[in-house]
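Work through the following exercises with the structure open beside you, and try each task before reading its solution.

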Amino acid sequence: MKTSLVAVDFHGQGCADCAVRGFSVCASLDQIEMREFEQLSRRVNFATCETVFAQEDMSSCFYNLLDGVMRLYKLLPDGRRQIVGFLLPGDFVGMTIEERHGFSADAIGPVTVCQFAKGPFGRFAEDKPNLLRRMNELAVQELNQARDHMVLLGRRSAEEKVATFLVGWRDRLVELRGPSNIVPLPMSRQDIADYLGLTIETVSRTFTKLEREGIIAILPGGVSLRDSARAEALAAA
């Protein structure tokens with residue numbers, strides 16, 4: 001069963017006690033700024049597989065993910081799908097200088113976001129150097145992730161690609177859940193294939209091979225890293 005990676009109760013909750021504030025874009029704001037910031041946001045829920053924004057849509061909003069997991073992808077001219085990333089609570093998406101989105105975003109499961117219109121957000125941020133600095137940090141982080149993804153799609157074996165994905169996903173979850181060798185995988189095998197540039201058959205065979213070699217154990221909705229050292233060695237190859 002695929003479940004939320006973090007449990008968040010949004011009933012009556014404001015920005016000041018948001019469960020993901022500590023590692024989201026608004027972490028740099030003080031209490032007075034937070035009260036003003038809260039007036040800019042609109043909390044929006046999306047159902048499983050519902051589109052948050054689509055490739056070539058006008059880019060009019062920023063989104064801060066509060067709960068759930070989002071999938072970012074680009075449709076190629078021949079209809080194939082390349083997944084470019086997965087978002088977790090605290091991630092900020094929509095930062096672009098282009099008028100239209102260059103990729104699509106949808107909800108893997110139920111998702112809750114804070115939505116900000118770009119105009120009011122930009123005016124609010126103008127005299128908030130800490131917020132601008134935080135946004136720059138997130139932009140650099142996004143560029144680094146894009147670079148790492150390009151390397152991942154390069155000349156690496158299927159085992160190395162899958163191990164890199166599992167180790168990287170585990171490391172991202174540490175901030176939300178704390179250390180654990182249990183790695184929930186809310187995305188499908190097809191999603192993982194489209195992210196790694198592999199076929200779904202290759203991904204399935206590779207999971208089975210890693211399990212046979214004692215590196216992982218396949219669980220309902222995820223995996224257990226039984227031999228983290230070997231998984232990390234594959235990821236570093």
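The model is predicted.

**Exercise 1. Glutamate 56 and cysteine 49**

Task: Decide whether glutamate 56 is buried, partly exposed or exposed, and do likewise for cysteine 49.

Solution: Begin with glutamate 56, which has a relative accessible area of 49%. Since buried means under 20% and exposed means over 50%, with partly exposed in between, glutamate 56 is partly exposed. This residue is found in the loop between E2 and E3, and it has a positive phi of about 80 degrees although it is not a glycine.

Turn next to cysteine 49, whose relative accessible area is 52%, so that it is exposed. Cysteine 49 sits in the loop between strand E1 (41–46) and strand E2 (51–53), and here too the residue is not a glycine and yet has a positive phi, of about 70 degrees.

**Exercise 2. Two residues in strands**

Task: Find the strand that holds asparagine 64 and the one that holds valine 113, and then list what each residue touches beyond its neighbours within four places in sequence.

Solution: Asparagine 64 belongs to strand E3, which covers residues 61–67. Its relative accessibility is 3%, and it therefore counts as buried. When neighbours within four places in sequence are left aside, the contacts of asparagine 64 are Ser24, Val25, Gly90, Asp91, Phe92, Thr112, Val113, Cys114 and Phe116.

The list for asparagine 64 includes Val113, which leads to the second residue. Valine 113 is placed in strand E8, residues 111–117, and is buried, because its relative accessible area is 0%. With neighbours within four places again left aside, valine 113 is in contact with Arg42, Arg43, Val44, Phe46, Tyr63, Asn64, Leu65, Leu66 and Met70. As a last step, look at valine 113 and phenylalanine 62: they are 51 residues apart along the chain, while their C-alpha atoms are separated by 9.7 Å.

**Exercise 3. Two pairs of packed helices**

Task: Describe how H2 packs against H3 and how H5 packs against H6, and name the residues that make each contact.

Solution: Two packed helices are described by the angle between their axes together with the distance between the axes. For helix H2 (residues 118–125) and H3, the angle is about 120 degrees and the axes are 8 Å apart. H2 and H3 are therefore oblique to each other. On the H2 side the contact involves Phe121, Phe124 and Ala125, which meet Leu131, Leu132 and Met135 in H3. Sorted by class, this contact of H2 with H3 has 6 nonpolar residues, no polar and no charged ones.

For the second pair, helix H5 (residues 189–196) and helix H6 (residues 200–212), the packing angle is about 105 degrees and the axes lie 8 Å apart. Because angles from 65 to 115 degrees count as roughly perpendicular, H5 is roughly perpendicular to H6. H5 contributes Arg189, Gln190, Ile192 and Ala193 to the contact, and H6 contributes Ile200, Val203, Ser204 and Phe207. By class, the contact of H5 with H6 has 5 nonpolar, 2 polar and 1 charged residues.

To look further at one of these residues, take valine 203 in helix H6, which counts as buried because its relative accessibility is 0%. Not counting residues up to four places away in sequence, valine 203 touches Arg189, Ile192, Ala193 and Leu198.

**Exercise 4. The largest pocket**

Task: Work out how many residues line the largest pocket and which element gives the largest share of that lining.

Solution: The largest pocket holds about 1,300 Å³ of space. Its lining is made of 41 residues, and those nearest its centre are Gln141, Glu142, Gln145, Ala146 and Arg172. Two or more lining residues come from each of strand E4 (70–75), strand E5 (81–87), strand E6 (92–93), helix H3 (129–152) and helix H4 (158–177). The largest share is that of H3, with 12 residues. By class, the lining has 23 nonpolar, 9 polar and 9 charged residues.

**Exercise 5. A residue between two helices**

Task: Locate serine 157 and state how far its C-alpha atom is from that of alanine 237.

Solution: Serine 157 lies in the loop between H3 and H4, and its relative accessible area of 34% makes it partly exposed. Along the chain serine 157 and alanine 237 are 80 residues apart, and their C-alpha atoms are separated by 9.5 Å.

Methods. Residues numbered from 1 in each chain as written. Predicted model: local features only at pLDDT ≥ 70, side-chain atom pairs only at ≥ 80, totals over all residues. Heavy atoms only, no water. Axes fitted to C-alpha atoms, helices over the stretch in contact; angles between N-to-C directions. Helix = DSSP H or I, 4+ residues; strand = E, 2+ residues; numbered from the N terminus. Parallel < 35°, antiparallel > 145°, perpendicular 65-115°, else oblique. Contact = heavy atoms within 4.5 Å. Nonpolar A, V, L, I, M, F, W, Y, C, P; charged D, E, K, R; others polar. 1 Å grid on protein atoms, 1.4 Å probe; cavity = no way out; pocket = protein on both sides within 12 Å on 5 of 7 lines; lining within 4 Å. Points joined across faces, edges and corners; volume = space filled by probe spheres on them. Buried < 20%, exposed > 50% of the residue type's maximum accessible area, 1.4 Å probe, protein only.
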